[in-house]
Structures are given as structure tokens and as C-alpha cells.
Amino acid sequence: MRAIRTSIIEYFEKNLRFNKTMQSRVHTAQTRVERPSKVKYDPERKMTALQFSGKDKIKVGKVPVPLVTDPTDAVIKVTASCVCGSDLHLYHDKVPEMLDGDIMGHESVGIVDEVGPEVKNVKKGDRVVISSVIGCGQCDYCLRREWSCCDTTNTSQVETKMYGHHVSGLFGYSHLMGGYDGCQAEYVRVPFADVNLFSIPSVLTDKQALCVADLASTGYHGTELADVKEGDKVVIFGCGPVGLMAQMWSKFRGASRVIAIDVDAQRVEYAKKQLGVEVVNANEEGPLEAVEKLIPGGPDKIIECVGFRFPQGFFEKLELKLKLATDASSVVNLAIKMVRKNGKITLIGDYLAYTNHFNIGAMMEKHLTMNGGAVWPHNYYKKIFAAMETGKVDPTFVWTHTFPFSKGDEAYKMFDKHEDGIIKPLLLPDSIYNQSNAGMDKTTQ
Ligand SMILES: NC(=O)c1ccc[n+]([C@@H]2O[C@H](COP(=O)([O-])OP(=O)(O)OC[C@H]3O[C@@H](n4cnc5c(N)ncnc54)[C@H](O)[C@@H]3O)[C@@H](O)[C@H]2O)c1
Ligand SMILES: [Zn+2]
Ligand SMILES: [Zn+2]
């Protein structure tokens, strides 16, 4: 037992060690698009940024302001940002290759502060959403509009060893995902600005537009991957911000039944109140039995919006603690048992590496389809802007609490612990927080 454990740990330590060479300029084999250069900074100007500082620790630091480094870059002055459930995986120190001092965050909106000479689509002063996922716009994957598979923006050799390929870069998400500075900061450098910035229609507020960077796009991506159609019966695991968005879009696309499951009673109630979905509190009743009562034979589609970090039962917790697996499989196995025969399961919750006890037999014998992946905001932002402009959806109900950057550590803590009914913390630069009518939201003042 001990020998197996040691060899698995050794395997991960060996394979997950940071490979500094991936930070250098490289060419991808297929496309020969240049990876963005390592960012340069203005040593004279300092800004506030939320920095990773070890397990459960976020530091509010002062760091140099980034500069336009490549001719296709822009630097954005951030006007609003937020914390994602994915940031909590970093916060719990579960994602390899996150270094002390790395800037967090992949969801922000702001104003273009500076552009490189080759940027055409945006100019200084424009209001923009920054895509969480970084595409190059030129590789074969980007040309097929499969943005989070971009071949250029992340060349992690560690990831290639783990996954057989490297996926795209993501702001503020470890060196496994490209080592880009995050956007929970007053300024952020955006590579391939023409591709990764979306101009905000003047009628939309920052709170609306910010939903497009990740959460509303991610919820939509879940319904796209699951191919939710008129009349479908859909179950969504998770009533965090992403699960709520998947529920909202499933209704928007005409699902006849939408059932939301969570273990947090407050979140389940919030889903029911805000979206009028049917709900199951998995702490109070077995989700398999509860869903079988509501949809005999099982739903057509299941969208999993929970992720790898929630083991169930003593043995799964022990296995993860002993590093005999990196990821919990219990929610996925529940979904495999729950979905109807020849049904579809989409994984939108983040999974990292290896899991035990995967019910591969049911997967095959029930004729199931399973897919998943990180969001493609570039494909959805126009549709989402339009749906918000016409009032068909309003995802802003997720913003329950607002924090200034200087209290970013509290935002993480509260969001992680689900304190005070928090759903999604909005983060504002202190200057904006102090001016704005923060009384519109619950605050930590
Ligand atoms: N695919 C993507 O591009 C993408 C983008 C954003 C977020 N994510 C991932 O989506 C997931 C959800 O994000 P979020 O911001 O809503 O995070 P979150 O942590 O706020 O939400 C997760 C929810 O799952 C619930 N949960 C835990 N165990 C459960 C169980 N056994 N059954 C049902 N629910 C359970 C939690 O109570 C919580 O409400 C995370 O894993 C995040 O990393 C993926
Ligand atoms: Zn995210
Ligand atoms: Zn690309």
C-alpha cells in the first residue's frame, strides 16, 4: 500500500515540476504562431493586485504595472472583477504550478489603457470584457473556434505529459495554464487583444458585461456541449454561480424540466427563487431517488457544475488525502447512474487529473455520451449581450456581495465557506468601490 502511494506521489512530483523553459518563446508544431512574450513591467508604477500566497491565503500586494509587450497586446485598466469557483481550487492549493506571488483572477472588465501598434479592433478608452480563456486567433483550433484548445497560448510540457496535449492559456491560473498574470488587479496585460477583448455595448453595465468573461459563457457552454434542446429534461449538479447559469440557459433553450441539485440548502433555495427550477437538496434526500421520482427513467441530459474538489464518504476523502487519486468521482458516478439510457453528461466543473472508481461499465452498457471542457467565451458573447440587452436573461442576480480589492482576502474566505448566503463576490478597485453606491449590494463595510 505504502509503496503504491509513494510511487503515485513520486509520479506527480516528477511530472508536475515547473519547467522553466516553457516560459520562453516557442513555436507550435502545427501552426508556427508565436507564443506571447514574457510580460514586461513598468518599474516606476505600482498597482494593487490579489496574489496567491499559499493554501487559503490571498495577499493584497503592490506589484509593478504591466506594459504592452508584444505589438498585438493591450493593457486594460480594470473596473470590475470577481472570484470564480475555479479560483477556489487554487486557493485550496490543489492546482500544481501555482507559485507564491502569482496574480489571481480570470474574470474582469475594464477600459483600454494602451494598445500595441498591431491592435485594430479596440482603442484607448474603449470599455471591454476580457475573455478568461486566451486564444491566439490563428492556430488550427482557434480557426475552428475551439478557443480553450488554442495551441499557441500555453505550451506547458507538464500538461502535455499529463493530458497528451496542452490546452489554452488562462489568466491567473498557474503555470500549468500558461503562467499569465491574473486580472484581479488594477491593470492587466492582454495578449492577442483583437481576439480576447470584446467591446461592451454602451447600454450594458459592468455588472452585466462581467458575466460574459466566464460564468454566463460557461453556463451557456455547458448547454451547448450537452446540446440542450426544446423539451429536454435536464439535471444540473451544483447551484454555485456556474450551475445557476447552466440552469438559466437550459430554461432559455426550452428545456421542459430543469432540476438543480446542491448540498447547500441556501443555494438550492436561491436557485428555486431566482430561476423557478425544481430542486433537490442532496444533504436531505438521496439525489438518485429524488430525481427518479421527478423524472422516472432519468433525465436526457446532465450538466455537472461541481468539480473535482468535493469527495463524498470516508473512503473517497481518505483516497484524496493519501493522494491515491487527485479527483473525486462520486458526483460523476451519480450522474452516470441517474441519466437515462443513451443520455448525455457534460462536465463543466473542473477536473484535474486522475480518479478512482469511475463507473466505466455503466458508461458503456447504458450507451452514454460524456464530454466536457473549458469555456469558449468568444463564441457566445454576442448572443449573451443581445439576450441581456433585450431583457431575455439577467444573470446579475449572482452578484450578492461586493468587496474592494483591499478586502479581496475576505471575499475569497467568504465565498469558499458560503458565508452569509454569498453566491458570487464582485471585486472593485478601491477607488471605484469608494465612489460607487456599494449600498446596492451587501458589503463587508
Ligand atoms: N469549464 C469551465 O470553463 C469552467 C468555468 C468556470 C468554472 N468552472 C468550474 O465549475 C465549477 C462550478 O463553479 P462555481 O463558480 O459555481 O463554483 P462553486 O464552488 O461556487 O460551486 C460548486 C457548487 O457545488 C456544490 N456541491 C458540492 N458537492 C456537491 C454534490 N455532491 N452535489 C451537488 N452539488 C455539490 C457546492 O455546494 C457549490 O455550491 C467549479 O468546479 C469551477 O472550477 C469551469
Ligand atoms: Zn472561472
Ligand atoms: Zn490559437
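D227 sits in the loop that runs between helix 7 and strand 10 (233-237). That's where we'll start our walk through this predicted model. The phi of D227 is near 55°, which is a positive value in a residue other than glycine. For context, most residues other than glycine have a negative phi. D227 counts as partly exposed, because there are 14 C-beta neighbours inside 10 Å.

**Positive phi elsewhere**

D227 has some company. R145 isn't a glycine either, yet its phi is positive, at about 65°. Look for R145 in the loop between helix 3 (140-143) and helix 4 (157-163). Is R145 buried or exposed? R145 is exposed, because it has 12 other C-beta atoms within 10 Å and a residue with 12 or fewer falls in that class. Then there's H418, just after helix 15, with a positive phi of about 55°. Here are the three together:

| Residue | Phi | Where it is |
|---|---|---|
| R145 | about 65° | loop between helix 3 and helix 4 |
| D227 | about 55° | just after helix 7 |
| H418 | about 55° | just after helix 15 |

**Helix 7 and its neighbours**

Step back from D227 and you land on helix 7 (residues 215-225). This helix is mostly covered, with 10 of its 11 residues buried. Among the buried ones are L215, A216, S217, T218, G219 and Y220, and further along H221, G222, T223 and L225 are buried too. What does the covering? Helix 6 (206-213), helix 8 and helix 14 are included, and so are strand 13 (301-304), strand 14 (344-347) and strand 15 (369-372).

Helix 14 deserves a closer look. Its axis and that of helix 7 come within 9 Å and cross at roughly 105°. Helix 7 is therefore roughly perpendicular to helix 14. On the helix 7 side, A216, S217 and Y220 take part in the meeting, and helix 14 brings P377, Y380, Y381 and I384. Sorted by class, this contact has six nonpolar residues, one polar residue and no charged ones.

A216 also gives us a handy way to place V128. The two are 88 residues apart in sequence, and their C-alpha atoms are 16 Å apart in space. V128 belongs to strand 5 (residues 127-130). V128 counts as buried because it has 24 C-beta neighbours inside 10 Å, and 20 or more is what that class takes. Leaving aside residues up to four places away in sequence, V128 touches I76, V109, G110, V112 and V122, along with L197, F198, S199 and I200.

**Two domains**

Now for the bigger picture. The domain assignment splits the protein into domain 1 (17-214 + 375-445) and domain 2 (219-372). Their C-alpha centres lie 27 Å apart. Where they meet, 20 residues of domain 1 are in contact with 18 residues of domain 2. On the domain 1 side, helix 2 and helix 14 (377-389) are the elements that give two or more residues. Helix 2 has the largest share, with three residues. By class, that side of domain 1 has 11 nonpolar, six polar and three charged residues.

**Helix 15**

Helix 15 (residues 408-417) has its own set of buried residues: G408, A411, Y412, M414 and F415. They pack against helix 2 and against four strands: strand 1 (41-52), strand 2 (58-66), strand 16 (399-404) and strand 17 (424-428).

**Around ligand 1**

Which residues come nearest to ligand 1? Of the 31 residues around it, those are G85, S86, G240, G307 and D350. The shell draws at least three residues from each of the two domains, domain 1 and domain 2. Helix 2 (85-91), helix 8 (241-252) and strand 11 (257-262) each supply at least two residues of it. Helix 2 gives the most, with four residues. By class, the shell divides into 16 nonpolar, 10 polar and five charged residues.

So helix 2 is a good element to keep an eye on, because you've now met it in three places: it has the largest share of the domain 1 side that touches domain 2, the buried residues of helix 15 pack against it, and it gives the most to the shell around ligand 1.

Technical notes:
Residues numbered from 1 in each chain as written. Chains lettered and ligands numbered in written order. Predicted model: local features only at pLDDT ≥ 70, side-chain atom pairs only at ≥ 80, totals over all residues. Near = placed C-beta within 6 Å. Nonpolar A, V, L, I, M, F, W, Y, C, P; charged D, E, K, R; others polar. Domains from an automatic or database assignment. Contact = placed C-beta atoms within 7 Å. Axes fitted to C-alpha atoms, helices over the stretch in contact; angles between N-to-C directions. Parallel < 35°, antiparallel > 145°, perpendicular 65-115°, else oblique.
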